[in-house]
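Colleague: Could you take a close look at one part of this model, its covered interior, and describe in connected prose how that interior is put together? I would like the helix packing, the enclosed spaces and the aromatic contacts treated in turn.

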Amino acid sequence: MRYFSTRGQTEPVAFQDAVLMGLASDGGLLIPESIPQVGEKLDAWAGLSFPDLAFEVLSPYVGDIPEVDLRRLINAAYATFDSKAVVPLHPLKDLYVQELWHGPTLAFKDVALQLLGQLFEYILEARGEHLNILGATSGDTGSAAIAGARGRSNIDIFIMFPEGKTSPIQELQMTTVADENVHALAIDGTFDDCQAILKSIFRDLPFKARWHLGAVNSVNWARVLAQVVYYFHAYYAAGQKPLAFSVPTGNFGDIFAGWLAAKMGLPITQLILATNENDILSVFFNTGRYARGDVKFTISPSMDIQVASNFERFLFYRLGENAEALRGAMESFAQSGAFHLDDGAPIDDLICAQAVGREETLATITAVHEEEGYLLDPHTAVGVAAGRALRKGDEPLVCLATAHPSKFPEAVNGAVGAPLATHPRVEGLAGLPKRSTPLPASEDAVKAFIEAHGRR
Ligand SMILES: *Cc1c(COP(=O)(O)O)cnc(C)c1O
């Protein structure tokens with residue numbers, strides 16, 4: 001498979017290059033030259049294990065990794081999960097919760113980042129290269145990226161986090177990893193400071209080239225692909241009937257994977273996009289207006305995002321795969337902070353959207369616990385609330401559970417009135433030795449650290 005940029009100004013690249021590249025060099029996002037169709041294979045895949053299903057779904061998108069190798073990488077990635085089904089469905093009265101949090105850091109980002117770690121290591125080894133990954137995190141991404149890269153001989157990973165401003169559990173998940181190739185940088189500043197440093201370092205092209213710097217952000221094509229698989233898995237686990245999905249959304253990565261699954265031919269009747277008070281996406285799908293606002297801090301912090309980095313992929317298809325029209329829309333958004341899609345056609349025939357506020361989120365956690373004895377984390381609760389409000393037909397509804405409740409104990413315990421949001425792996429973190437390097441919020445300090453500790 002070859003990959004092009006949404007902005008249409010790069011040469012096509014093969015899968016392995018697309019994975020290492022992350023962002024296209026013209027600033028766009030990579031998209032495949034065509035979307036593979038599942039056709040009658042859909043029936044043939046019934047009964048496959050998650051790794052075997054992942055192999056089938058992924059292989060038409062790959063093309064430059066031999067079958068035995070791709071299978072081995074996928075098997076290794078999902079052997080780290082503590083559920084045999086990897087992404088099991090938990091039935092509630094009126095819907096299914098799909099638990100995507102059985103990986104090492106108890107958040108759904110592990111599904112993608114465990115595989116990405118394997119792919120990076122494999123590709124770098126074949127090329128005899130070393131990669132220094134640099135990232136900035138406000139929480140889940142950093143710990144999941146570290147869990148995917150730890151112990152790999154041809155990767156060093158440097159993750160900046162705002163000291164004291166992530167949740168205590170997220171911080172422990174980053175600072176208690178003992179592997180020498182992991183560098184947790186406790187920045188004396190905000191998440192915005194960390195991101196500004198990151199962007200500025202990536203703009204320094206000579207430095208980036210000298211240290212072979214790479215990123216693991218949510219626009220990486222391999223991350224999107226890994227997420228497509230669980231939509232298929234849900235289809236078989238729920239008895240091979242058409243399904244509706246509700247997806248708690250921040251960067252539009254997870255829900256874009258569902259949209260792609262539908263375009264491949266998976267029978268999805270509805271994709272319900274759920275946001276918290278940061279509602280730029282739900283406003284867009286309800287009105288056509290996409291306008292940047294100020295980030296609001298909520299009890300579902302991993303969705304406290306205004307500009308959704310994967311949204312450009314959806315927009316590219318929505319604009320008829322017209323790179324020029326896409327460039328125009330992105331330029332208008334970059335200049336004025338807004339653009340309006342008003343070509344008279346419906347925005348999308350699958351996606352409908354709703355924002356869910358704090359009170360409704362907490363009430364959903366309380367009610368599901370009281371009625372069914374099941375704990376939802378705040379992100380998942382946003383999806384359950386929106387799913388219940390917007391579902392239309394009689395099709396089964398699958399709500400994606402993106403984090404284990406123990407990652408957000410304050411909100412969950414408050415909602416259920418008891419300290420129930422625990423997990424043995426979270427408890428275990430408290431006793432481990434911690435290792436991180438405090439640094440000022442300065443580009444020079446971070447660069448100096450990479451020069452001292454990075455490898456080439
Ligand atoms: C990242 C994250 C999300 C949002 O996922 P996107 O792909 O950015 O839409 C939702 N919930 C949790 C717990 C997350 O970590």
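**The covered interior, beginning with helix H7**

Modeller: The buried residues of helix H7 are Ile169, Gln170, Glu171, Leu172, Gln173, Met174 and Thr175. The model is a predicted one, and in it H7, which spans residues 168-175, is mostly covered, with seven of its eight residues buried. The partners of these buried residues include two strands, E7 (155-162) and E8 (182-188), and they also pack against helix H6 (140-149), helix H17 (409-416) and helix H18 (424-429).

Helix H6 leads on to the enclosed spaces. There are two cavities of 30 Å³ or more, and the largest of them holds about 50 Å³ of space. Its lining is made up of Leu113, Leu116, Gly117, Phe120, Ile133, Ala145, Gly148, Ala149, Ile157 and Val216. The elements that contribute two or more residues to this lining are helix H5 (109-127) and H6, and H5 gives the most, with four residues. In terms of class, eight of the lining residues are nonpolar and two are polar, while no charged residue takes part.

The second largest cavity encloses about 40 Å³, and around it stand Thr249, Gly250, Thr275, Asn278, Ile280, Leu281, Met303, Ile305 and Gln306. Here the lining has four nonpolar and five polar residues, and again no charged ones.

Turning to the aromatic contacts, the count for the model comes to 26 aromatic pairs. One of them joins Phe284 and Phe311, whose ring centres are 5.0 Å apart and whose planes meet at 80°, so the pair is edge-to-face. Because Phe284 belongs to helix H12 (residues 280-287) and Phe311 to helix H13 (residues 311-318), the pair ties together parts that are 27 residues apart in sequence. Both rings belong to covered residues: Phe284 counts as buried because its relative accessibility is 0%, and Phe311 is likewise buried, with a relative accessible area of 1%.

This pair is part of a wider group, since Phe284 and Phe311 belong to one aromatic cluster together with Phe252, Phe256, Trp259, Phe285, Tyr290, Phe314, Phe316, Tyr317, Phe333 and Phe339.

Within that cluster, Phe252 deserves a separate word for its backbone. Its phi is near 70°, a positive value in a residue other than glycine, and this can be set against the general rule that most residues other than glycine have a negative phi. Phe252 is placed in the loop between strand E10 and helix H11 (253-264), and with a relative accessible area of 0% it is buried. A positive phi also occurs at Gln240, where the value is near 55°. Gln240 is found in the loop between helix H10 (221-237) and strand E10 (243-248), but whereas Phe252 is buried, Gln240 counts as partly exposed, at 32% relative accessibility.

Two further aromatic rings are met by a charge. The charged end of Arg71 sits over the ring of Phe55, at 3.8 Å from its centre, and Lys447 lies over the face of Phe207, 5.3 Å from the ring centre.

How values were computed
Residues are numbered from 1 along each chain as its sequence is written. This is a predicted model: local features need pLDDT of at least 70, side-chain atom pairs count only at pLDDT 80 or more; totals for chains, interfaces and linings use all residues. Side-chain values use heavy atoms; hydrogens and water are left out. Buried means under 20% relative accessible area, exposed over 50%, partly exposed in between (1.4 Å probe, protein chains only). Contact means heavy atoms within 4.5 Å. On a 1 Å grid over the protein atoms alone, a cavity is a set of points where a 1.4 Å probe fits but cannot get out, and a pocket is an open set with protein on both sides within 12 Å along at least five of seven lines; lining residues have an atom within 4 Å of a point. Grid points are joined across faces, edges and corners, and a volume is the space filled by probe spheres set on the points. Ala, Val, Leu, Ile, Met, Phe, Trp, Tyr, Cys and Pro count as nonpolar, Asp, Glu, Lys and Arg as charged, and the others, Gly among them, as polar. Rings of Phe, Tyr and Trp (its six-membered ring) pair if their centres lie within 6.5 Å; planes under 30 degrees apart count as stacked, over 60 as edge-to-face and the rest as tilted. A charge sits over a ring if NZ of Lys or CZ of Arg is within 6 Å of the ring centre and within 35 degrees of the ring normal.
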